Amino acid sequence: MEKHTERCLFCTRQANVQWEPTPDKRHFTCANCGQYVVALNDYSALPPELETRYETQRHLLSGLLREHTERGLTPMQVTVASLPEMLQSAWLPKTVEGKLEKLLLYLYRRTTILGEHIAITYNNEPAIAYAKTGEELENMLRAVEGLGYVTGHYMSGGGIATLTVRGIAFGEQQQTTTQSSQCFVAMWFDPTIAPVYTACIRPAVESAGFACLRIDEKPHNDKICDQIVAEIRRSHFLIADFSGHRGGVYYEAGLAAGLGLPVIYTCRKDFVDSLHFDVRQYNCVVWEEGKEEGFREQLKYRILATIPGAQERAAPQ
């Protein structure tokens, strides 16, 4: 592949680019954004979109690409059409606290022994914590130090950060959740609804690389409510199907959201208009009887686009 240097499409810093002629793709390696791939058609179409419609969100897109790279996943192929889905990713921090957590997790992934010093150059890699500027990244480092998660030495342009025992414990706790491969499914078990689980939901989840659990599938001797809470806590994300408007589904979706787990909302078309207003604001995957294949594909791509760590693979036969 031909190699050269040009500006990163997302953060405009210098990046190494490898051109693959067949098919025509460019593989970017940016010190800030990490690795990503762009096809020929999108190579010319992305810059004007990023400079206008997505100008205020470019740092979030850079952060998502960097986190994808840091986690060792296959480089993301970016298209103009994929930008809105990238901004819906469950990885994107929605608060300042969420950005601080991303910074701590970055430091945790780089720490191999207690007391290890991690060098950070503010202006070269703000994407490690979804920061908009190098100055914001510096302020974030000082903030996590003030909270007792790191000790640091800061100077003009960069700093050295070292995770404390408290910081390492935080990283270990977060990693336990993110390494889970389980998707918990909350839905009505009525015979008119239940078949969509085996025909659509489970195949979609498994084809995105996760294992599916519906609580009635698990043998146990405990109280059902205790089992539900325990399994949601063990899960990577939750799918809530609101067909039939069962109170338990609303509760389980709320519990997962409160625990910080991504939730994908689905509903049969004839129940959509009566969704509770708290749920109606979310981007729900709507399905219809007789069109199960379309729902299965739509749900699979929603998982791939928004759930951290999702990787397309053949579903078990």
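A residue is taken as buried when its relative accessible area is under 20%, as exposed when it is over 50%, and as partly exposed in between. On this scale E125, with a relative accessible area of 11%, is buried because its value falls under 20%. The model described here is predicted, and the accessibilities and distances below are computed from it.

The chain is assigned three domains: domain 1 covers residues 3–88, domain 2 residues 96–176 and domain 3 residues 180–306. Between the C-alpha centres of domain 1 and domain 2 the distance is 24 Å. Their interface involves 13 residues of domain 1, which are in contact with 14 residues of domain 2. The size of an interface is often given as the accessible area lost when the parts come together. For domain 1 and domain 2 this buried area is about 1,100 Å², and carbon and sulfur atoms give 47% of it. On the side of domain 1, H59, R66 and E70 supply 42% of the area buried against domain 2, more than any other three residues.

Polar and charged groups also take part in this interface. Residue pairs in polar contact across the interface of domain 1 and domain 2 number 5, both members being at pLDDT 80 or more. The side of domain 1 that touches domain 2 is made up of 3 nonpolar, 5 polar and 5 charged residues. Salt bridges between domain 1 and domain 2 number 3. In one salt bridge of the model, the side chains of E67 and K102 meet at an N to O distance of 3.1 Å.

Side chains of opposite charge can pair when their charged atoms come close. The model contains 15 salt bridges by the rule applied. One of them joins the side chains of R66 and E125, with an N to O distance of 3.6 Å. R66 belongs to helix α2 (residues 58–70), whereas E125 is in the loop between β6 (118–121) and α5 (134–146), so the pair ties together parts that are 59 residues apart in sequence. R66 is buried, with a relative accessible area of 7%, and E125 is likewise buried, at 11%.

A further salt bridge links the side chains of R58 and E55 at 3.3 Å, N to O. Here R58 is buried, with a relative accessible area of 10%, whereas E55 is partly exposed at 40%. E297 pairs with K300, their closest N and O atoms being 3.5 Å apart. Both E297 and K300 lie in helix α11 (residues 292–306), where they are 3 residues apart, about one turn of the helix. E297 is partly exposed at 32% relative accessibility, and K300 is buried at 9%. Elsewhere, R66, E70, R110 and E125 are joined into one network by salt bridges that share partners.

Backbone geometry was also examined. Most residues other than glycine have a negative phi, and most peptide bonds are trans. Y130 has a positive phi, near 60 degrees, in a residue other than glycine. Y130 is placed in the loop between β6 and α5, and is buried, with a relative accessible area of 1%. The phi of H245, also a residue other than glycine, is positive and near 50 degrees. H245 is found in the loop between β11 (237–241) and α9 (247–258). At 24% relative accessibility H245 counts as partly exposed.

How values were computed. Residues are numbered from 1 along each chain as its sequence is written. This is a predicted model: local features need pLDDT of at least 70, side-chain atom pairs count only at pLDDT 80 or more; totals for chains, interfaces and linings use all residues. Side-chain values use heavy atoms; hydrogens and water are left out. Domain bounds come from an automatic or database domain assignment. Contact means heavy atoms within 4.5 Å. Buried area is the accessible area (1.4 Å probe) that two parts lose on being put together, summed over both. A salt bridge is a side-chain nitrogen of Lys or Arg within 4 Å of a carboxyl oxygen of Asp or Glu. A polar contact is a pair of N or O atoms within 3.5 Å; within protein, one must be able to donate a hydrogen and the other to accept it, and residues adjacent in sequence count only if both atoms are side-chain atoms. Ala, Val, Leu, Ile, Met, Phe, Trp, Tyr, Cys and Pro count as nonpolar, Asp, Glu, Lys and Arg as charged, and the others, Gly among them, as polar. Buried means under 20% relative accessible area, exposed over 50%, partly exposed in between (1.4 Å probe, protein chains only). Helices (H or I, at least four residues) and strands (E, at least two) are DSSP runs, numbered from the N terminus.
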